[in-house]
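Here is a walk through how this chain is put together, from its sheet to its nonpolar cores. Have the sequence and the model open as you read.

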Amino acid sequence: MTSNDPYLIFNRKDVADKQVDTLIGLCKGIAADGVVSQQEAEFLQGWLAANEITIQSNPITATLLSRVNDMLADGVLDREEAQDLLAALRSFAGETPEVGEFIKTTSLPVNRPEPPIKFADRRFCFTGTFGYGSRTQCANLIETLGGTHARTVTMKLDYLVLGSYVTPSWAHEAFGRKIEKAIYYRDERDRNIAIVSERHWVAQAEEKGG
């Protein structure tokens with residue numbers, strides 16, 4: 001459909017509601033087995049793109065489209081992206097993950113107290129599912145404040161930022177590898193790596209004018 005379609009123009013809300021209902025069903029179906037495959041992600045991306053006119057009118061569905069596009073930008077859905085997408089689909093569909101309710105990152109091994117964050121000339125890595133937006137949007141915020149986005153955890157990293165929602169079994173999930181590596185460098189190798197929550201990171205960014 002195009003924006004000139006009379007049916008869409010006069011029935012936009014009804015069409016949007018039906019598409020959201022359909023999307024919820026798709027999300028439940030994809031997430032049912034607890035795994036999101038490359039093929040499933042590409043199918044979802046194609047469906048969202050085909051319905052983009054009304055999908056973009058809803059900030060929640062628009063964010064989902066943005067995240068899927070971001071994850072598939074390089075043509076590969078890696079393991080961590082698959083976990084992030086699974087969490088996003090379950091959240092959108094209103095389902096509870098089999099491993100338990102999502103929990104706030106306050107129960108995770110963030111630095112206590114969480115330190116002031118310097119952005120200029122600092123390296124940041126992100127893991128987990130972010131309420132702020134897609135991984136690209138998070139990276140863009142870092143860059144506007146003078147920092148650098150790193151895709152992996154190394155000894156040169158300054159901050160590992162944990163998304164607002166992760167599962168209780170974080171150590172067994174894909175994003176848990178980044179957390180474990182950061183803990184090792186921080187606690188065993190005495191590297192100056194800080195593990196911080198998304199909430200703290202966003203608050204610090206807002207203070208710096210982000």
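Phe126 stands opposite Val161 in strand S4. That pair sits where S2 meets S4 (residues 159-162), and the two strands run parallel, joined by 4 bridges. Keep in mind that this is a predicted model.

S2 itself covers residues 123-127 and is mostly tucked away, with 4 of its 5 residues buried. Besides S4, S2 also pairs with S3 (residues 148-149), again in the parallel sense, this time over 2 bridges. On that side, Phe124 stands opposite His149, and Arg123 has Thr148 as its bridge partner.

How does the chain get from S2 to S3? It passes through helix H7 (residues 135-144), and this β-α-β crossover is right-handed.

Here are the facing residues in one place:

| Residue in S2 | Opposite residue | Strand of the opposite residue |
|---|---|---|
| Arg123 | Thr148 | S3 |
| Phe124 | His149 | S3 |
| Phe126 | Val161 | S4 |

Now zoom out to the whole sheet. In what order do the strands of this open sheet line up? The order is S3-S2-S4-S6, 4 strands with parallel pairing. S3 and S6 (194-197) have a single partner strand each, so they stand at the edges and one side of each has no neighbour in the sheet.

Two helices are worth a look against this sheet. H7 lies across S2 and S3, and runs at about 160° to S2. Helix H9 (residues 198-207) lies across S2, S4 and S6, running at about 90° to S6.

On to the nonpolar cores. Nonpolar side chains tend to be buried together in soluble globular proteins. In this model, the largest nonpolar core has 23 residues, and the members that touch the most others are Leu23, Val36, Leu48, Leu64, Leu85 and Leu89. Helices H2 (12-31), H3 (38-50), H5 (59-71) and H6 (79-93) each supply at least two residues of this core. Which helix gives the most? That would be H6, with 7 residues.

Leu85 is a good one to click on. Leaving aside residues up to four places away in sequence, Leu85 touches Val36, Ala41, Leu64, Val68 and Met71. There is also a second, separate core, made of 16 residues, including Leu141, Ile142, Tyr159 and Trp201.

Notes:
Residues are numbered from 1 along each chain as its sequence is written. This is a predicted model: local features need pLDDT of at least 70, side-chain atom pairs count only at pLDDT 80 or more; totals for chains, interfaces and linings use all residues. Side-chain values use heavy atoms; hydrogens and water are left out. A nonpolar core is a set of buried Ala, Val, Leu, Ile, Met, Phe, Trp, Tyr and Cys residues joined through side-chain atoms within 4.5 Å. Buried means under 20% relative accessible area, exposed over 50%, partly exposed in between (1.4 Å probe, protein chains only). Contact means heavy atoms within 4.5 Å. Two strands pair if DSSP finds at least two bridges between them. A crossover is right-handed if, with the strands pointing away from the viewer, the path from the first strand over the helix to the second runs clockwise. Axes are lines fitted to C-alpha atoms, for helices over the stretch in contact, and angles run from 0 to 180 degrees between N-to-C directions.
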